Amino acid sequence: MLAVSGDDYRFFVQEIAEKSGGNLKQILEPCGRDTAPAMALAAAFAGSADDLLLFCPADHFIPSADEFRTMVSGAADLASEGWIVTFGVQPNGPSTAYGYIETGEEIRSDAAKSVHFHEKPDVEMALQFLSSGRFLWNSGIFLIKRSVLLEALKAFEPTIYEKCMASMAGVEQDGAFWRPGPEFIDATKKSIDYAVMERATNIAVVPFKGVWSDVGSWDAMFALSHVDEQNCGKLGVTENIYLIDSKNTLVHASDRRFVVTIGTRDLAIVDTPDALMVSALDQVEKIKGVVSDLEAAGRAEVQEHRRVARPWGAYDSIDHSDRFQVKRITVKPGARLSLQRHNHRAEHWIVVKGTALVTRDEETFLLKENESTYIPLGAVHRMENPGKIPLELIEVQSGTYLGEDDIERFDDEYGRKTQAKKELG
């Protein structure tokens, strides 16, 4: 299994793969360039020309793995014959949250040629699509022979092809990750729909079998939530949600705060540790434009999150100011952070669960629950979990600079570089 992600998400993706028991390799994009370059990287990294590649977006809900495997296996012969196979979902309403595929001439009883890919329509156009019976939702899932994909990219998007192939020729392994060369930055930013699917004539559309939802939209999340008699949906930590005289309202709560709604109508209220969003339900898809605006404005909320996954566990930023920062750190059993030091901050560690084995300069000692220690500025230190349960501790940082790039590593079993921007441990 291969994932294409970025630096900021690599340990989060790794954590999910570990929980699912999957054997995962990750290619880390130097920057986001949309789906066509991402798929080109994967194809350049993969095996022989005749290998079949199945591309799946990461934000889909597919509850039946058996049905999904059967569906993909049934389309493998089409892909082997040179068809670019995409799986179209039968619409259950005039959704404006999904792109559509217009189907045409039948290839066989369970597959048809694609006439055109359509971007997300307005309500009126979605109703026309639905009534025609020729349109399916674009799932964004593709089954394609490696050589066919590379030939299509070479023909339709030579810059993407050349830059991605060049960047993978210079790929470097960094522990469990593979980093393409800098040429990738110059690849054209374009989706696979625009780059290939709207141009190629060998697109086969196979109806999706089973339940599917694109949980990348809040409309889809509403559909997956438990809905009460007032058409109100609860997501997240549902025991932290209390609704009074509310109708047609979607509420997502985190474990940080209790959410109460009174007399709300047609709203989406999404509370996370990072931010709070309140939107009219029929306007919620505009959040993608808001994120783009925030990125352009340089807002830290877009890139920095309270909880950050790491190969040894995770940390959660609880509080911060100019001269201090408080984090809750969780270390997996048997895991340890790098041997390191900081040039601009000191740290206090308080163990609240489990046992920590601490290295501080020439000392090595155990810290048990309700015990603490001090790591002076410049001290070489390491923390590890020798126990059988997760280690949890509170870290209080103080100093003139608290950025995560103030780290000098002397030893790291995860193969990370001596200095890594935006990393703890």
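# Reading the labels on a predicted model

Analyst: The crossing of α2 and α5 is left-handed. That word means that the near helix is turned anticlockwise from the far one by less than a right angle; clockwise would be right-handed. This is a predicted model, where local features need pLDDT of at least 70, side-chain atom pairs count only at pLDDT 80 or more, and totals for chains, interfaces and linings use all residues. Residues are numbered from 1 along each chain as its sequence is written, and side-chain values use heavy atoms, without hydrogens or water.

User: At what angle do helices α2 and α5 pack?

Analyst: Helix α2 (residues 35–45) and helix α5 (residues 146–156) pack at about 135°, and their axes are 10 Å apart. So α2 counts as oblique to α5. Under 35 degrees would be roughly parallel, over 145 roughly antiparallel, 65 to 115 roughly perpendicular, and the rest is oblique.

User: What makes Arg134 and Glu102 a salt bridge?

Analyst: Their side chains meet at 3.3 Å, N to O. Arg134 sits in the loop between α4 (123–132) and β8 (135–145), and Glu102 in strand β6 (residues 100–108), so the bridge ties parts that are 32 residues apart in sequence. The rule asks for a side-chain nitrogen of Lys or Arg within 4 Å of a carboxyl oxygen of Asp or Glu. The pair therefore qualifies.

User: Why can such side chains pair at all?

Analyst: Side chains of opposite charge can pair when their charged atoms come close.

User: How many salt bridges does the structure hold?

Analyst: The structure holds 26 salt bridges.

User: How do you know whether Glu102 is buried or exposed?

Analyst: Look at its relative accessible area, which is 15%. Buried means under 20%, exposed means over 50%, and partly exposed is in between, with a 1.4 Å probe and protein chains only. So Glu102 is buried. Its partner Arg134 has 40%, so Arg134 is partly exposed.

User: What joins Arg336 to Glu413?

Analyst: A salt bridge at 2.9 Å, N to O. Arg336 lies in the loop between β22 (324–331) and β23 (339–341), and Glu413 in the segment after β30 (408–411), so parts 77 residues apart in sequence are tied together. Arg336 has 25% relative accessible area, so the label is partly exposed. Glu413 has 47%, so Glu413 is partly exposed too.

User: Why is Arg360 called buried?

Analyst: Because its relative accessible area is 18%. Arg360 meets Glu363 in a salt bridge at 2.9 Å, N to O. Glu363 has 39%, so Glu363 is partly exposed. Elsewhere, Asp255, Arg256, Arg306, Asp316 and Arg328 form one network through salt bridges that share partners.

User: What makes Ile262 exposed?

Analyst: Its relative accessible area is 63%, so the exposed label fits. Ile262 lies in strand β17.

User: Which residues form the nonpolar patch on the surface?

Analyst: They are Tyr242, Ile244, Phe258, Val260 and Ile262, with about 510 Å² of accessible area together. Patch members have over 30% relative accessible area and no salt bridge; nonpolar side chains (Val, Leu, Ile, Met, Phe, Trp, Tyr) are joined within 5 Å, like charges within 9 Å. β15 (241–244) and β17 (259–262) each supply at least two of the patch residues.

User: What is notable about phi in Asp245?

Analyst: Phi is near 50°, a positive value in a residue other than glycine. Asp245 sits in the loop between β15 and β16 (247–253). At 53% relative accessibility, Asp245 is exposed. Asp266, also not a glycine, has a positive phi of about 55°. Asp266 is in strand β18 (residues 265–271). Its relative accessible area is 40%, so Asp266 is partly exposed.

Technical notes
Areas by Shrake-Rupley, 256 points an atom, 1.4 Å probe, with all protein chains shown as cover. Helix = DSSP H or I, 4+ residues; strand = E, 2+ residues; numbered from the N terminus. Axes fitted to C-alpha atoms, helices over the stretch in contact; angles between N-to-C directions.
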